[in-house]
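Pull up the model and keep the sequence beside it. We'll take a walk through the fold together, one region at a time.

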Amino acid sequence: MRRYIAPDVLILDDFGLSGFSQHQGEDLYEIVSERVMKASTIITSNRPVQDWLGLFPDPVMAQAVVDRLRQNAHLVVMEGDSYRGRYRPGGVAEAKNTKQEQE
């Protein structure tokens, strides 16, 4: 647990791809509670914040985690196509490389 509480910046990438077990929700609550107002936490998610509550089996714990995360949060919403799509076969990056190779 100390490993996640100690860093100046903790990044949780792809947050909420699947729901949490009771134990996972409790661990996340403990990490967030220890870090709030002491260190930065960056979270990336494909889910809107209002959908995070449904990821926890305990709605009270869910609300407590989200409240602490939102306390001094800066929310950045990015809309549009996924950047990763550029690198799939036939994506923008492949088309650019093919065009450059032809020139």
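How do the residues of the lining of the largest pocket divide into nonpolar, polar and charged? The split is 16 nonpolar, eleven polar and nine charged. Keep in mind that you're looking at a predicted model, so let's check its confidence and then come back to that pocket.

The average pLDDT for the protein is 87, and 85% of the residues score at least 70. Strand β1, residues 9-12, is where confidence is highest, at 97. At the other end of the scale sits helix α5, residues 92-102, where the mean is 53, the lowest in the protein.

Now, back to the largest pocket. Its volume comes to about 1400 Å³, and 36 residues line it. If you want to find its centre on screen, look for Ile 43, Thr 44, Ser 45, Leu 75 and Val 76, the lining residues that lie nearest to that point. Several elements chip in: α2, β2, α3 and α4 each supply at least two residues of the lining. The largest share, four residues, comes from β2.

Ile 43 is worth a stop of its own. You'll find Ile 43 in strand β2, which covers residues 40-43. Is Ile 43 buried or partly exposed? Its relative accessibility is 23%, so Ile 43 counts as partly exposed; the cut-off for buried is under 20%. Leaving out residues up to four places away in sequence, Ile 43 touches Leu 12, Phe 15, Trp 52 and Leu 69. Take the first of these contacts: Ile 43 and Leu 12 are 31 residues apart in sequence, yet their C-alpha atoms are 4.7 Å apart in space.

Three of those names lead us to the core. Phe 15, Trp 52 and Leu 69 all belong to the largest nonpolar core, a set of twelve residues that also includes Leu 28, Val 32, Val 49, Leu 55, Phe 56, Met 61, Ala 62, Val 65 and Val 66. Helices α2 (22-35), α3 (49-52) and α4 (59-70) each bring at least two residues to this core, and α4 gives the most, with five. For a view from inside the core, pick Phe 56: beyond its neighbours up to four places away in sequence, Phe 56 touches Phe 20, Gly 25, Leu 28, Ala 62 and Val 65.

There's also a second largest pocket, holding about 290 Å³ of space. Residues lining it include Leu 12, Phe 15, Phe 20 and Leu 28, along with Tyr 4, Asp 27 and Ile 31. The elements giving two or more residues to this lining are β1 and α2, and α2 gives the most, with four. By class, this lining has seven nonpolar, three polar and one charged residues.

Finally, have a look at two backbone oddities in loops. Asp 14, in the loop between β1 and α2, has a phi near 55 degrees, a positive value in a residue other than glycine. Asp 14 counts as partly exposed because its relative accessibility is 28%. Met 37 sits in the loop between α2 and β2, and its phi is also positive, at about 70 degrees, although Met 37 is not a glycine. With a relative accessible area of 61%, Met 37 is exposed.

Methods: Residues numbered from 1 in each chain as written. Predicted model: local features only at pLDDT ≥ 70, side-chain atom pairs only at ≥ 80, totals over all residues. Heavy atoms only, no water. Core = buried A, V, L, I, M, F, W, Y, C linked by side-chain atoms within 4.5 Å. Buried < 20%, exposed > 50% of the residue type's maximum accessible area, 1.4 Å probe, protein only. Contact = heavy atoms within 4.5 Å. pLDDT = per-residue confidence, 0-100. 1 Å grid on protein atoms, 1.4 Å probe; cavity = no way out; pocket = protein on both sides within 12 Å on 5 of 7 lines; lining within 4 Å. Points joined across faces, edges and corners; volume = space filled by probe spheres on them. Nonpolar A, V, L, I, M, F, W, Y, C, P; charged D, E, K, R; others polar.
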